[in-house]
Amino acid sequence: ADATLADPSILAPVDLAPGRYFRRVAGVDANGRGPWTDPQPFRRLPPGPALDRQPAVSNAEMTLTCRAGDPGQTWQIQVAADASFTKRLHDRRVNEPQLVIPRPTPGRYHLRARTIESDGEEGPFGAPQTFDVPAPPAEPKHPTWLLFILLALILAL
């Protein structure tokens, strides 16, 4: 606890563990310290969740999964084409730590997520993570002569 502050604001210590805390303030002037305010609750939220594993990509969709949180939490998951998240492709709130989206075009994408507490308080976004969407497998090409043979067999019947 700081005994005196020149500035009427203070940041909580960075190493303060996630949890619920209380703060109170008293003014100080030439006559001494005044009365303390009533304790006011505040909460230090844990950092945002990280991607639990690499995205699962199928021909039609992609599944992004974050680490699970506490009961009652929801998640906000963002996918962007740029690291600064100004070109967001998806920005969704979900009840499970997972987001299923249509398969994006091949390329590099960025993901970040945050938890939203049961009382609606939004935690900070976790560190952005980068992932690549590969090009879909090439369709096998059938030789043209095989089509002619198949057509000849059908006509012969």
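1. Overall content. The secondary structure of the protein chain amounts to 1 helix and 11 strands. The model is a predicted one. Along the sequence the elements follow the pattern β-β-β-β-β-β-β-β-β-β-β-α, with the helix therefore placed after the strands.

2. Burial, surface and contacts. The protein chain has 157 residues, and buried residues make up 26% of them. The exposed surface comes to about 11400 Å², of which carbon and sulfur atoms supply 57%. Among contacts between residues at least 6 apart in sequence, 51% join residues at least 24 apart.

3. The sheet E5-E6-E9. Three strands form an open sheet in the order E5-E6-E9, and the pairing is antiparallel. Strands E5 (56-57) and E9 (98-102) stand at the edges; each has a single partner strand, so one side of each has no neighbour in the sheet. In general, the strands of a sheet pair through backbone hydrogen bonds, in a parallel or an antiparallel sense.

4. Pairing of E5 with E6. Strand E6 covers residues 61-65 and pairs with E5 in the antiparallel sense over 2 bridges. The two strands form a hairpin, with 3 residues between them. For a specific position to inspect, Ala56 has Thr63 in E6 as its bridge partner.

5. Pairing of E6 with E9. E6 and E9 run antiparallel and are joined by 5 bridges. Here Leu64 stands opposite Leu99 in E9. Of the 5 residues of E6, 4 are buried, so the strand is largely enclosed by the rest of the structure.

6. Gln73. Which element holds Gln73? Gln73 is found in the loop between E6 and strand E7 (74-80). Its relative accessible area is 7%, so Gln73 counts as buried, the limit being under 20%. The side chain of Gln73 reaches the backbone nitrogen of Asp70 at 2.6 Å. Leaving aside neighbours within four places in sequence, Gln73 is in contact with Asn95, Thr115, Ile116 and Glu117.

7. Phe85. This residue lies in the loop between E7 and E8. Phe85 has a positive phi of about 60° although it is not a glycine. Most residues other than glycine have a negative phi. Phe85 is also buried, with a relative accessible area of 3%. A reader going through the backbone angles will find the positive phi of Phe85 at a buried loop position.

8. His90. Strand E8 (residues 88-94) contains His90. Is His90 buried or exposed? At 16% relative accessibility, His90 counts as buried, because the limit is under 20%. The side chain of His90 makes a polar contact with the side chain of Arg92, at 3.4 Å. Not counting residues up to four places away in sequence, His90 touches Ile77, Gln78, Val79, Leu99, Ile101 and Pro102. Among these, Leu99 is the residue that stands opposite Leu64.

9. Gln129. Strand E11 (residues 129-133) includes Gln129. Its relative accessible area is 23%; Gln129 is therefore partly exposed, as buried means under 20% and exposed means over 50%. Apart from neighbours within four places in sequence, Gln129 is in contact with Ala50, Leu51, Tyr109, His110 and Leu111. Gln129 and Val79 are 50 residues apart in sequence, while their C-alpha atoms are 9.6 Å apart in space. Val79 is also one of the residues that His90 touches.

10. Rings and charges. How many aromatic pairs does a search of the whole structure find? The search finds 1. Two arginines are placed over aromatic rings. The charged end of Arg24 sits over the ring of Trp36, 4.3 Å from its centre. Arg112 lies over the face of Phe125, at 4.2 Å from the ring centre.

Conventions. Residues numbered from 1 in each chain as written. Predicted model: local features only at pLDDT ≥ 70, side-chain atom pairs only at ≥ 80, totals over all residues. Heavy atoms only, no water. Buried < 20%, exposed > 50% of the residue type's maximum accessible area, 1.4 Å probe, protein only. Contact = heavy atoms within 4.5 Å. Pairing = 2+ DSSP bridges. Phe/Tyr/Trp six-rings, centres within 6.5 Å; stacked < 30°, edge-to-face > 60°. Lys NZ or Arg CZ within 6 Å of the ring centre and 35° of its normal. Polar contact = N/O pair within 3.5 Å; in protein donor to acceptor, adjacent residues only side chain to side chain. Areas by Shrake-Rupley, 256 points an atom, 1.4 Å probe, with all protein chains shown as cover.
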